[in-house]
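Student: Hi, I'm new to this one. Could you walk me through it?
Tutor: Sure, take a look and ask away.

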Amino acid sequence: MKHIIFFILFISTLSCAQDKVPVAGDTAFEKKMNSDFKDASKSPLKAKDLKNFKGLDFFKLDTTFVVQASLKRTPESKWFKMQTTTSRVSNERIYGILTFKLQGETFKLNIYQGKDLMNEDGFEDYLFLPFLDNTNGNETYGGGRYIDMRIPQGDTIEIDFNKAYNPYCAYNEKYSCPIVPRENYIDLEVRAGVKKFHD
């Protein structure tokens with residue numbers, strides 16, 4: 001009888017272990033994103049997509065897409081209403097201009113600060129870097145991608161394009177996502193970060 005009980009416990013333990021599939025991803029960023037997307041309480045995915053979700057598709061980690069940028073702050077910049085994918089507008093200002101080299105070319109991107117977000121706990125130093133590049137519409141989401149950043153102490157800041165992600169409206173049209181300004185265009189293929197979602 002003891003052997004039977006042990007066998008049943010062994011089988012049920014094995015079954016639970018098989019059900020608990022490890023989170024996919026090669027980096028901490030990828031694992032965190034996949035974990036959030038699998039969590040129904042956080043995921044932007046529609047129910048039909050969440051049901052069979054295994055993990056997002058990422059470009060292979062490429063350290064050449066980690067760059068040091070100089071930050072020119074623009075403290076006199078005015079707040080403006082950034083358009084979104086819905087009728088909502090987002091109150092933003094250009095916090096500064098980033099200048100960096102990527103694949104031998106020099107680029108400039110505006111980095112933004114949200115008026116509402118900066119008053120939320122944990123987001124006081126949050127900066128928002130939206131960008132467009134030549135992978136959009138092919139390998140990546142057509143509307144561009146975002147990178148979350150924080151205000152640095154000095155005048156340099158690291159941009160890790162391996163942490164570029166899609167706006168939530170790439171997965172579900174119910175979300176309202178800021179539209180990437182045309183001036184934040186990088187004229188090359190940024191083959192790093194999250195790829196286009198295939199449902």
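Student: How much area does the chain expose, and what share of it do carbon and sulfur atoms supply?
Tutor: The chain exposes about 12100 Å², with 55% supplied by carbon and sulfur atoms. Accessible areas here come from the Shrake-Rupley method with a 1.4 Å probe, and for residues only the protein chains shown count as cover. Keep in mind that this is a predicted model: local features need pLDDT of at least 70, side-chain atom pairs count only at pLDDT 80 or more, and totals for chains, interfaces and linings use all residues. Residues are numbered from 1 along each chain as its sequence is written, and side-chain values use heavy atoms, leaving out hydrogens and water.

Student: What percentage of the residues is buried?
Tutor: Of the 199 residues in the chain, 38% are buried (under 20% relative accessible area, 1.4 Å probe, protein chains only).

Student: New topic: how many helices and strands are there?
Tutor: There are 3 helices and 8 strands (DSSP runs: H or I of at least four residues for helices, E of at least two for strands). From the N terminus, the order is α-α-α-β-β-β-β-β-β-β-β.

Student: And how many residues has the largest nonpolar core?
Tutor: That core has 24 residues, and F100 and I159 are among those with the most contacts inside it. A nonpolar core is a set of buried Ala, Val, Leu, Ile, Met, Phe, Trp, Tyr and Cys residues joined through side-chain atoms within 4.5 Å.

Student: Which element gives the largest share of this core?
Tutor: β3, with 4 residues.

Terms used. Buried means under 20% relative accessible area, exposed over 50%, partly exposed in between (1.4 Å probe, protein chains only).
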